[in-house]
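Trainee: I should be grateful for a close look at one part of this structure, followed by an account of how that part sits within the whole chain.

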Amino acid sequence: SRLNGKGWFSDLVADRIDFDGLNAEAHLQGTVSAPRIEVVGRIDALQSPYIPVPLAGRFDLAYEKNRLNIREFDWRGEGGYRIQANGSAATPCDGKRPSTAELLSLTSSVQLPEAAVFNMLVDGQPVVAGSLTADLKMEGSWREPYIDLRIKAQGIKLKPDLAALPEGPLEIQSRIQYREKSVFIDTFTIQAPSVKIFATGAWRYGPIGEFLCNPPGEGFPGEVSIDGTIQVSEIGWLSSRIPEIRRIEGSLDADFQLRGPIGRPAVTATVSLKDGVLRPQMNLPLLEEIRLEASVTPSIIEIRQLQGLLGGAAFRINGTVTDPMAENPVADIQLQGDNLLFYRDKGLRLRADTDLSLRGSLNQLVVSGELAVTDGLFDRYINWLGSLQGNRAPESTSGVELFSFQSPPLKDMRFDVKIRSKAPFRIRSNIVRGQLR
């Protein structure tokens, strides 16, 4: 009684786990091949860096004839921590065959009120706040089991640098069942102030007992059939997660399906965006009133409709990207619009009627088509003596960079664009005044 594990238990059994105040009785009977083991007792404090608070627990366990009987297993900690289980379960395998012995109502529940526990399961410690409850029920035999798992997580807040989801708080609910040789996702939802994700479906897994007793060498067997929806009422939070975007707005809806082998399912989806606004970090005009309708399959991404305003003028984009999962997908995309604003900065403006195409594989993209300049203006003071002014900053520069692409594949694009003018390009400077056509 009053045994503690400081110093020796973590070295002997598990790294960084200690206990204090162990009071227990153990009874061993029978033979080596058919033992009967009973352990009854309590621990005043089970401690680990992975558990924010010490847990105190009572246990009453027995093992006989390949069956574990859990008469009591109840651990509690300050703040609402609780891990509880009771029931009886046979060992899953009889040699290399699933056991036919019955699982007599094995139940378990977990209550974890702090985020630290999530980070035991995921690398990078992404969760900074939240709580988790889970309930597990198992019945039947390992050959034909029924398993019911319910999970609820509340108040989940993630690190701000995770772009896939908003900071939260998130609420996650799921009910997963194993029956009829399949894993059924009865419900899976993620909700945040501006996001809702819902999914349901099945994983045609096969006999779980066969998998436990004869695990495959690599991967998991079976095929998935999952349907889901994503609704984002406002995507503005993405602007703080994507460095290339200064501002983004709009509402997004998507329906998706996963079909095929669990290791590589085929994804199909339809996506729509409404009331979109986009301002990139590069010096390009604001895109407003964006509407998008697109579909995604394993073989092709089709932009059915992408339209909006570019500098107050309407633009239209449509086209396809074939073999999107290949190393070099192939694009065939068209951009059209009248009087589109391509650039506006102090002393420089460029608008043009536009009919452009982007075609080719990812590493050999070609932009072709025609631009008809409808409004061009260069109005700047050019200081040829700027380099002779000592430490004083020059008042202007003679160079103009509309935009640049620094990374592949865009930096390797080739341009085959015919440029003509529908209206004169005006030049007003201290050196030259005139018009170009």
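Mentor: Let us begin at Asp74, which stands opposite Gln84 of strand β5. The model is a predicted one, and the facing residues belong to a pair of strands that can be followed in some detail. Strand β4 covers residues 67-77, and its pairing with β5 is antiparallel, with eight bridges. The two strands form a hairpin, and three residues lie between them. One residue of this turn is Gly79, whose phi is positive, at about 95°.

Consider next how β5 is covered. This strand runs over residues 81-90, and seven of its 10 residues are buried. In general, side chains in a regular strand alternate between the two faces of the sheet. For the chain as a whole, buried residues amount to 34% of the 437 residues.

The buried interior may be described through its nonpolar cores. The largest one contains 42 residues. Those with the most contacts inside this core are Ile43, Ile156, Val195, Ile235, Leu292, Leu306 and Phe315. Strand β17, residues 287-296, contributes four residues, the largest share of this core. A second core is separate and has 17 residues, including Ala89, Met138, Ile147 and Ala269.

The positive phi of Gly79 in the hairpin turn leads to two further residues with a positive phi. Most residues other than glycine have a negative phi. Glu180, which is not a glycine, nevertheless has a positive phi near 55°. Its place is in the loop between β11 (170-179) and β12 (182-191). The relative accessible area of Glu180 is 63%, so this residue counts as exposed. Glu289 likewise is not a glycine, and its phi is positive, at about 50°. Glu289, however, is placed in a strand, namely β17. With a relative accessibility of 55%, Glu289 is also classed as exposed, although its strand supplies the largest share of the largest core.

Finally, the hairpin may be set against the whole chain. The chain has 25 strands and two helices. Of the contacts between residues at least 6 apart in sequence, 44% join residues at least 24 apart. The chain exposes about 25,600 Å², and 54% of that area is supplied by carbon and sulfur atoms.

Note on methods. Residues numbered from 1 in each chain as written. Predicted model: local features only at pLDDT ≥ 70, side-chain atom pairs only at ≥ 80, totals over all residues. Heavy atoms only, no water. Buried < 20%, exposed > 50% of the residue type's maximum accessible area, 1.4 Å probe, protein only. Contact = heavy atoms within 4.5 Å. Areas by Shrake-Rupley, 256 points an atom, 1.4 Å probe, with all protein chains shown as cover. Core = buried A, V, L, I, M, F, W, Y, C linked by side-chain atoms within 4.5 Å. Pairing = 2+ DSSP bridges.
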